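Trainee: I have the model open and I'd like to go through it piece by piece. Can we start with a single residue and work outwards?

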Amino acid sequence: MPLLIARDLVKTYAKHAAPVVDRVSLSIERGETLGLVGESGSGKSTIARIILGLVEPTSGSVTFDGHPVTGVPQHKLRPLRRRMQPVFQDPYAALNPRMRVEQIVTEPLVIHERGPARQPRAERRRRCQELLRQVGLDDSAMTRYPHEFSGGQRQRINIARALALRPEILVLDEPVSALDVSVGAQIVNLLRDLQRDFSLTYLFISHSMPLVRYLSTNIAVLRQGKLVELGTRDQVCDSPRDAYTRQLVAATPEIRIG
């Protein structure tokens with residue numbers, strides 16, 4: 001059974017407006033990466049937020065490991081939120097400028113581990129050191145503030161925070177689009193290494209077909225809220241069936257990542 005299943009998702013924001021997401025169905029197996037690719041405004045980020053339980057669809061359903069995500073009161077989603085973590089697009093906006101890195105990275109532990117389950121401060125500190133090393137930062141980062149880091153370093157901090165609760169799936173919503181090409185390539189390589197080391201499952205959202213091709217097991221192509229193609233990486237990139245997919249493949253030159 002797939003780890004995550006989205007069935008017939010529809011999302012509209014006004015009564016007579018065209019759907020932002022229009023009958024989209026997806027599934028992701030454990031340990032795989034589903035790349036969701038499409039131009040800006042195609043509904044990719046809305047799908048991400050529905051999957052995370054941050055937005056309720058107009059119709060359709062999402063289940064994670066057999067548990068419903070949609071149509072469930074927010075307090076009942078709390079156990080699932082430990083297992084599903086986001087990494088959003090903007091590494092500048094995602095970090096609280098008034099918090100030190102140690103506070104930022106360990107914040108999920110403080111929020112989710114209340115009462116007797118809460119780790120002692122020294123244990124949270126050790127966990128922060130471990131997480132920062134896993135994303136390529138050293139202990140000196142812990143006492144610093146977000147403005148003291150580059151964009152790529154900030155995104156590494158975001159990833160460390162997302163990993164704090166040992167999630168099973170990361171929803172990566174354009175995680176490198178705000179970074180320059182070389183820094184973005186470093187982050188994509190980091191994500192690939194982390195997936196291998198920790199058996200993570202990814203939903204990787206991007207407008208860049210080369211990035212999606214590099215990281216993904218399967219690829220879903222979205223256009224104006226509709227799913228126009230879904231298949232393995234090689235099927236979609238080497239033998240695309242839909243004209244829009246062929247256009248995406250032809251319009252995006254290969255980039256060096258590895």
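Mentor: Start with Ala164, which counts as buried at 2% relative accessibility. Keep in mind that this is a predicted model.

Trainee: Where along the chain does Ala164 sit?

Mentor: Ala164 is in the loop between H5 and E7.

Trainee: Which residues does Ala164 touch, leaving out those up to four places away in sequence?

Mentor: Val105, Pro108, Leu109, Arg127 and Leu131. There is also a distance to look at: the C-alpha atoms of Ala164 and Ile104 are separated by 10 Å, and these two residues are 60 apart along the chain.

Trainee: Okay, pockets next. What volume does the largest one have?

Mentor: The largest pocket has a volume of about 420 Å³. It is lined by 17 residues, and the closest to its centre are Met84, Gln85, Pro86, Phe88 and Arg161.

Trainee: Which elements give two or more residues to that lining?

Mentor: Strand E6 (84-87), helix H3 (101-112) and helix H5 (151-163).

Trainee: And how does the lining divide into nonpolar, polar and charged?

Mentor: It has 11 nonpolar residues, 3 polar and 3 charged.

Trainee: How do you find a pocket in the first place?

Mentor: Rolling a probe the size of a water molecule over the atoms shows where empty space is left.

Trainee: Changing topic: which residues of helix H9 are buried?

Mentor: Tyr244, Thr245 and Leu248, in a helix that runs over residues 243-251. They lie on the same side of H9, because they cover an arc of only 100° around the axis.

Trainee: Why would residues with such spacing face one way?

Mentor: An α-helix has 3.6 residues a turn, so residues three or four places apart point the same way.

Trainee: What covers the buried residues of H9?

Mentor: The cover includes strands E3 (33-37), E9 (218-223) and E10 (226-232), together with helices H7 (209-215) and H8 (233-238).

Trainee: And which residue caps the N-terminal end of H9?

Mentor: Asp242 does, with a side-chain oxygen 2.8 Å from the backbone nitrogen of Tyr244.

Trainee: I noticed Glu174 in a backbone plot. What is its phi?

Mentor: Phi of Glu174 is near 50°, a positive value in a residue other than glycine. Ser199 is another such case, with phi near 55°.

Trainee: Where are they?

Mentor: Glu174 lies in the loop between strand E7 (169-173) and helix H6 (181-198). Ser199 lies in the loop between H6 and E8.

Trainee: Is Glu174 buried or exposed? And Ser199, buried or exposed?

Mentor: Glu174 counts as buried, because its relative accessibility is 9% and the cut-off for buried is under 20%. Ser199 is at 60%, so it counts as exposed.

Trainee: What does Ser206 touch, beyond residues up to four places away?

Mentor: Glu174 comes up again here, as one of the residues that Ser206 touches. The others are Leu36, Val37, Gly38, Lys44, Leu211 and Val212. Ser206 is found in strand E8 (residues 201-206), and it is buried, with a relative accessible area of 3%.

Trainee: Last one: where is Thr63, and what is it in contact with?

Mentor: Thr63 is in strand E4 (residues 59-64). Leaving aside neighbours within four places in sequence, Thr63 is in contact with Leu3, Leu4, Ile5, Pro68 and Val69. At 17% relative accessibility, Thr63 counts as buried.

How values were computed. Residues numbered from 1 in each chain as written. Predicted model: local features only at pLDDT ≥ 70, side-chain atom pairs only at ≥ 80, totals over all residues. Heavy atoms only, no water. 1 Å grid on protein atoms, 1.4 Å probe; cavity = no way out; pocket = protein on both sides within 12 Å on 5 of 7 lines; lining within 4 Å. Points joined across faces, edges and corners; volume = space filled by probe spheres on them. Helix = DSSP H or I, 4+ residues; strand = E, 2+ residues; numbered from the N terminus. Nonpolar A, V, L, I, M, F, W, Y, C, P; charged D, E, K, R; others polar. Buried < 20%, exposed > 50% of the residue type's maximum accessible area, 1.4 Å probe, protein only. Contact = heavy atoms within 4.5 Å. Arc of directions from axis to C-beta. Polar contact = N/O pair within 3.5 Å; in protein donor to acceptor, adjacent residues only side chain to side chain.
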